[in-house]
Amino acid sequence: MPAAVTILGSADVLAALSARTEMVVHLLVALALCWAIGFERELRGSAAGDRTFALIGVGSAVIGYLALDNAPNALAGVVTGIGFLGAGVIIHGNNGAQETTPTNGPLGGVKGVTTAATIFLAAAVGAAAGQGELLLATLATAISLLLLE
């Protein structure tokens, strides 16, 4: 009889390890994809670079993973938070090395909109990875990198 208990206990351990491994894969995919997006932005002299985008992606992936446990409203909080972060990038308007003289009048130009939109995308990619939608996250990253070229 103790052998049955051992086998049952092993199955529980394997199931727990499998769930943890899945979680780690989701977070690592979010990290890699969002880091790649951030690296592209950093090459362009953007106000937000690879570390910022990686943190956004991993944070969104954590919220997305936690939302799997019957907390769908958690993802709405990500959208709100990212909106504030994106607004800060636009208001700050620092595009680093590529900053140019505004061409649309004496009030200056709006800067950082592309970076703000890309931050929103990185949050969506992270959330998708956290939810287990790895193909969707990968395709969104590929499309965004093509559009940013």
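**A walk through a five-helix model**

Reading from the N terminus, the elements of the protein chain follow the order α-α-α-α-α. That makes 5 helices and 0 strands. Keep in mind as you look around that this is a predicted model. Across the protein chain the mean pLDDT is 83, with 80% of the residues at 70 or more. Confidence is lowest in helix H1, residues 2-43, where the mean is 81, and highest in helix H5, residues 134-148, where it is 96. A word of general caution: where pLDDT is low, the predicted coordinates should not be read in detail. As for burial, 31% of the 149 residues in the protein chain count as buried.

Let's stop at helix H2, which covers residues 50-67. From the first C-alpha to the last, its 18 residues reach 25 Å, close to the 26 Å expected at 1.5 Å a residue. Which residues of H2 are buried? They are Asp 50, Phe 53, Ala 54, Ile 56, Gly 57, Ser 60, Ala 61, Gly 64, Tyr 65 and Ala 67. Because these residues cover an arc of only 160 degrees around the axis, they lie on the same side of H2. Turn to the face of H2 that points away from this buried side, and you will find the exposed residues Arg 51 and Leu 55.

Now move along to helix H5. With 15 residues at 1.5 Å a residue, H5 should span 21 Å, and its end C-alpha atoms are indeed 21 Å apart, so the two values agree. The buried residues here are Ala 137, Thr 141, Ser 144 and Leu 148. Their arc around the axis is only 70 degrees, which means that they sit on the same side of H5. On the other side of H5, four leucines are exposed: Leu 135, Leu 136, Leu 146 and Leu 147.

Finally, look at how H5 packs with helix H4, residues 113-130. Two packed helices are described by the angle between their axes and the distance between the axes. How are H4 and H5 placed by these terms? The angle is about 160 degrees, and the axes of H4 and H5 are 8 Å apart. Angles over 145 degrees count as roughly antiparallel, so that is the description that fits H4 and H5. The handedness completes the picture of this pair: H4 passes H5 in a left-handed crossing.

Conventions: Residues numbered from 1 in each chain as written. Predicted model: local features only at pLDDT ≥ 70, side-chain atom pairs only at ≥ 80, totals over all residues. Heavy atoms only, no water. Helix = DSSP H or I, 4+ residues; strand = E, 2+ residues; numbered from the N terminus. Expected span 1.5 Å × (residues − 1). Buried < 20%, exposed > 50% of the residue type's maximum accessible area, 1.4 Å probe, protein only. Arc of directions from axis to C-beta. pLDDT = per-residue confidence, 0-100. Axes fitted to C-alpha atoms, helices over the stretch in contact; angles between N-to-C directions. Parallel < 35°, antiparallel > 145°, perpendicular 65-115°, else oblique. Left-handed = near helix turned anticlockwise from the far one by under 90°.
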